[in-house]
Amino acid sequence: MKLKNVLIVVEDIEKSIAFYKELFGLDVILDNDGNVIMTEGLVLQDKKIWEKFIGRESVARNNACELYFEEADLESFAKKLENYCEPIQYVNQLMEHSWGQKVIRFYDPDGNLIEVGTPM
């Protein structure tokens with residue numbers, strides 16, 4: 001068995017596509033009207049479709065999972081975040097763990113938690 005994708009729920013597909021393209025360099029592979037597959041296995045699904053499918057309301061900023069990315073030049077990425085066209089809501093600014101890894105945590109526009117860290 002192989003994990004193929006990770007799906008996150010979003011309210012505005014186009015806004016989310018722009019966010020992940022501009023900050024992370026992800027590109028759209030397939031757009032199926034409310035279901036968008038991007039490079040690196042990220043899938044964006046329209047909130048209305050998701051809630052209809054599961055029969056429940058989704059909860060933003062539930063902190064139940066995290067998307068994790070690695071970036072060798074984390075200082076440059078932190079500047080990229082600071083200069084993004086919309087305000088970024090941080091969980092923690094650029095910091096260094098006791099084991100030497102630098103990380104930054106923040107939310108995407110829909111409250112999905114993201115961590116970017118230096119490679120271990």
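**View 1. A four-stranded open sheet with mixed pairing.** The strands run in the order 1-4-3-2. Strands here are DSSP runs of E, at least two residues long, and helices are runs of H or I, at least four residues long, all numbered from the N terminus. Two strands pair if DSSP finds at least two bridges between them. Strand 1 (6-10) and strand 2 (28-31) are the edge strands, each pairing on one side only. From one strand to the next, the twist averages 20°. This is a predicted model: local features need pLDDT of at least 70, side-chain atom pairs count only at pLDDT 80 or more, and totals for chains, interfaces and linings use all residues. Residues are numbered from 1 along each chain as its sequence is written, and side-chain values use heavy atoms, with hydrogens and water left out.

**View 2. The pairing of strand 2 with strand 3.** Strand 3 covers residues 35-38. The two strands are antiparallel and share three bridges. Asp31 stands opposite Val36 of strand 3.

**View 3. Helix 1 and helix 2 against the strands.** Helix 1 (residues 13-24) packs on the sheet and touches strand 1, strand 2, strand 3 and strand 4 (42-46). Contact means heavy atoms within 4.5 Å. The direction of helix 1 makes about 160° with that of strand 4. Helix 2 (residues 47-54) lies across strand 1, strand 3 and strand 4, at about 80° to strand 4. Axes are lines fitted to C-alpha atoms, for helices over the stretch in contact; angles run from 0 to 180 degrees between N-to-C directions.

**View 4. Aromatic pairs around Phe106.** The whole structure holds eight aromatic pairs. Rings of Phe, Tyr and Trp (its six-membered ring) pair if their centres lie within 6.5 Å; planes under 30 degrees apart are stacked, over 60 edge-to-face, and the rest tilted. Phe24 and Phe106 are stacked, at 6.4 Å centre to centre with 15° between the planes. Phe24 belongs to helix 1 and Phe106 to strand 7 (residues 102-107), 82 residues apart. Phe77 and Phe106 form a tilted pair, 6.2 Å centre to centre and 35° between planes. Phe77 lies in helix 3 (residues 74-82) and Phe106 in strand 7, so this pair ties together parts 29 residues apart in sequence. Phe106 is buried at 0% relative accessible area (buried is under 20%, exposed over 50%, partly exposed in between; 1.4 Å probe, protein chains only). Phe24 is buried at 16%, and Phe77 at 6%. Ring pairs link Phe19, Tyr20, Phe24, Phe69, Phe77, Tyr84 and Phe106 into a cluster.
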